[in-house]
Amino acid sequence: MAGRPRKPFLMRASPGVMAAVEKLAAAELRSVNAQLEILLREALARRGVCAHADDPDADGA
């Protein structure tokens, strides 16, 4: 994954949500960070928003 730009951010979530994400990440052999990105991408896709992994301007900033 080296070379792919990442934008760090701070996120607050309830302990229950984080526990569920951690459990899902472990079941799918992913880091919590990777699992959160996948969940965000899936949510965006359901709303018809395409997030391009290689486009730094995909977030609209």
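Student: Is Gln 35 buried or exposed?
Tutor: This is a predicted model: local features need pLDDT (the predictor's confidence in each residue, from 0 to 100) of at least 70, side-chain atom pairs count only at pLDDT 80 or more, and totals for chains, interfaces and linings use all residues. Numbering starts from 1 along each chain as its sequence is written, and side-chain values use heavy atoms, leaving out hydrogens and water. Buried means under 20% relative accessible area, exposed over 50% and partly exposed in between, with a 1.4 Å probe and protein chains only. Gln 35 has a relative accessible area of 2%, so the residue is buried.

Student: Which residues does Gln 35 touch, not counting those up to four places away in sequence?
Tutor: Gln 35 lies in helix α2. A contact means heavy atoms within 4.5 Å. Leaving aside residues up to four places away in sequence, Gln 35 touches Val 21, Leu 24, Ala 25, Glu 28 and Arg 30.

Student: How many helices and strands does the chain have?
Tutor: Both are DSSP runs numbered from the N terminus, helices being H or I with at least four residues and strands being E with at least two. On that basis the chain has two helices and zero strands.

Student: How far apart are the end C-alpha atoms of α1?
Tutor: The expected span of a helix is 1.5 Å times one less than its number of residues. For the 13 residues of α1 this gives 18 Å, and the distance between the end C-alpha atoms agrees, being 18 Å.

Student: What does α2 reach from its first C-alpha to its last?
Tutor: α2 has 15 residues, and a span of 21 Å is expected at 1.5 Å a residue. The reach in the model is close to that, at 21 Å.

Student: Which residue that is not a glycine has a positive phi of about 55 degrees?
Tutor: The residue is found in the loop between α1 and α2. At 81% relative accessibility, it counts as exposed. Following α1, with a phi near 55 degrees, is Leu 29.

Student: Which residue with a positive phi follows α2?
Tutor: The phi in question is near 80 degrees. The residue that follows α2 is Gly 48.

Student: How many salt bridges does the structure hold?
Tutor: A salt bridge is a side-chain nitrogen of Lys or Arg within 4 Å of a carboxyl oxygen of Asp or Glu. One of them joins Glu 28 and Arg 30, with the closest N and O atoms 2.2 Å apart. Glu 28 is partly exposed at 38% relative accessibility, and Arg 30 is partly exposed at 34%. The number of salt bridges in the structure is three.

Student: How many residues apart in sequence are the parts that Arg 6 and Glu 37 tie together?
Tutor: The side chains of Arg 6 and Glu 37 meet in a salt bridge of 3.2 Å, N to O. Arg 6 lies in the segment before α1 (15–27) and Glu 37 in helix α2 (residues 32–46), so the parts tied together are separated in sequence by 31 residues.

Student: Which residues are joined into one network by salt bridges that share partners?
Tutor: Glu 37 and Arg 41 also meet in a salt bridge, at 3.0 Å from N to O. The two are four residues apart in helix α2, a separation of about one helical turn. An α-helix has 3.6 residues a turn, so residues three or four places apart point the same way. Through shared partners, the salt bridges make one network of Arg 6, Glu 37 and Arg 41.

Student: What is the relative accessible area of Glu 37?
Tutor: Within the network of Arg 6, Glu 37 and Arg 41, Arg 6 is partly exposed at 43% relative accessibility. Arg 41 is partly exposed at 28%. Glu 37 is also partly exposed, and its value is 22%.

Student: What share of the chain do buried residues make up?
Tutor: The chain has 61 residues. The buried share of these is 7%.

Student: Where is the pLDDT below 50?
Tutor: The mean pLDDT of the chain is 86, and 80% of its residues reach 70 or more. The stretch below 50 has two contacts in the model beyond near neighbours in sequence. Where pLDDT is low, the predicted coordinates should not be read in detail. The stretch is residues 56–61.
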